[in-house]
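Reader: I am new to this structure and should be grateful for a close look at a single part of it. Please begin with one helix and then place it among the other elements of the chain.

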Amino acid sequence: MSGWTRREFLSRTGVAVAAIQTFDKLDPCCVYAADAQTADKDLFELKPVADGVYAAIAAPRYKVNSNAAVILTDDGVIVVDSHSKPSAAFALYREIQAITKQPIRKIINTHFHWDHWQGNQVYAQEFNDVEIIASQRTRENMTAPDAGSGGIAYIEKQLTLVPKEIEDLKAKIVQSTDSTQKARLEANLAQVQAYLEELKEMKPALPTRTVQSSVTLNERGREIQILLLGRGHTDGDVFIYLPKEKVVATGDALIDWMPFLNDGFPEDWVETLTALERFDFTRVIPGHGDVVSRDHLPFFRGYLSDLVSAVKSAAAAGAGLEEMKKGIADQLAPKYERGMSKYPLGQFRDRIGLNVEMVYKKVVKNS
């Protein structure tokens, strides 16, 4: 791939020039309010984390993309996660070109959620020998009829839902009397309309290689471990560990805002993070948010553990779900609200109610 122009890319993949972000209500993990103010800078900021290792930090947008890890080897590039759509993958690839002209050799999908793999097709179309790696469960989830917030079935859901959201936004624009709010709604409408055109042309590229246990990739000049440590954010999470560089890329199993539990396993997740903590790393490239130190792991795990304990205790005391949501939010806020509210998305008060509901459903009702 010697360097696409924007026009060549659009011609080859059929995506719309203005495609920026998607908007839907199926997946509350990654969506802003309809009139939310989001960044107008480039989609990604490449941040050096170690020698030849970069964190591609996704800018906060109307519908976010995942972060990526970009790992340079002596004969090519490995990219961890490919974002929500081809145009985002292309945007990152253009940034990668600024640091190396080496080809993309491997893509690793940390899990099956839509915002971490729907850009696979960009690399598959242009690099005939690219290897797309994921866990076996992640690939199975990608092809399941309804595995959750991802996979081919989720693309079909969006094709039905996004047109409805477009009409919703149009109605809100008509009703809006605030010029600033109206401008944001109009910008978001343009983004959603462009995303729909891109969605219609999407050609999902599934993993070409799957793993069922931890493996080590001995790339030229680089040791990369793909770790399967247990269920967490999904039942197929992988962590990408660079032992020499002491860096780990975690997907959404460890992020810098509130976790999304709808496809998760709260109690197992705590144990999986404990297993990760046994490895020697100093920097974390999370699935969302900025690069963090290993000290963030016990904080994030502590939230999950305390959340599970609080829901169990409230249920044992006879509290109803709505009572739990308010009481547990206030109970956990002193310890976690500030650290879980750094960004416009994924803030503590916005997510705590859904987190409580999911733990109640998955841990208490299923016990």
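Author: The expected span of a helix is 1.5 Å times one less than its number of residues. Helices (H or I, at least four residues) and strands (E, at least two) are DSSP runs, numbered from the N terminus. The model is predicted, so local features need pLDDT of at least 70 and side-chain atom pairs count only at pLDDT 80 or more, while totals for chains, interfaces and linings use all residues. Residues are numbered from 1 along each chain as its sequence is written, and side-chain values use heavy atoms, leaving out hydrogens and water.

The helix chosen is α5, residues 152–175; because its 24 residues should span 34 Å at 1.5 Å a residue, the 35 Å between its end C-alpha atoms agrees with expectation. Helix α5 nevertheless bends by about 30° at L161 (the angle between axes fitted to the seven residues ending there and the seven starting there). A proline, P163, follows the bend within four residues. L161 also belongs to the buried residues of α5, together with A153, Y154, I155, Q158, V162, E165, I166, L169 and I173. Buried means under 20% relative accessible area, exposed over 50%, and partly exposed in between (1.4 Å probe, protein chains only). Helix α6 (179–200) is included in what covers these buried residues of α5, where contact means heavy atoms within 4.5 Å.

The chain around α5 has ten helices and 13 strands in total. Of its 367 residues, 56% are buried. Among contacts between residues at least 6 apart in sequence, 70% join residues at least 24 apart.

Two sheets may be described next. One is an open sheet of seven strands with mixed pairing, in the order β1-β2-β3-β4-β5-β6-β7; two strands pair if DSSP finds at least two bridges between them. Strands β1 (44–50) and β7 (209–211) each have a single partner and stand at the edges, so one side of each is left without a neighbour in the sheet. From one strand to the next, the twist averages 20°. Axes are lines fitted to C-alpha atoms, for helices over the stretch in contact, and angles run from 0 to 180 degrees between N-to-C directions. Within this sheet, β3 (residues 68–73) and β4 (residues 76–80) run antiparallel and are joined by five bridges, with A69 opposite V80. Helix α2 (residues 86–97) packs on the sheet, touching β1, β2 (53–58), β3, β4 and β5 (104–108), and its direction makes about 50° with that of β1. Helix α4 (residues 136–143) lies across β6 (131–135) and β7, at about 100° to β6.

The other open sheet has six strands in the order β8-β9-β10-β11-β12-β13, again with mixed pairing. Its edge strands, β8 and β13 (292–293), each pair on one side only. Strands β8 and β9 form a hairpin with two residues between them, and G221 in the turn has a positive phi of about 85°. Strand β11 runs parallel to β12 (residues 283–286), joined to it by four bridges.

Helix α7 connects this sheet with further helices: its buried residues, among them W269 and L273, pack against β10 (239–242), β11 (247–251), α8 and α10. The axes of α8 (residues 296–316) and α10 (residues 348–364) come within 9 Å and cross at roughly 65°. The contact includes Y303 and L307 of α8 and F348 and I352 of α10.
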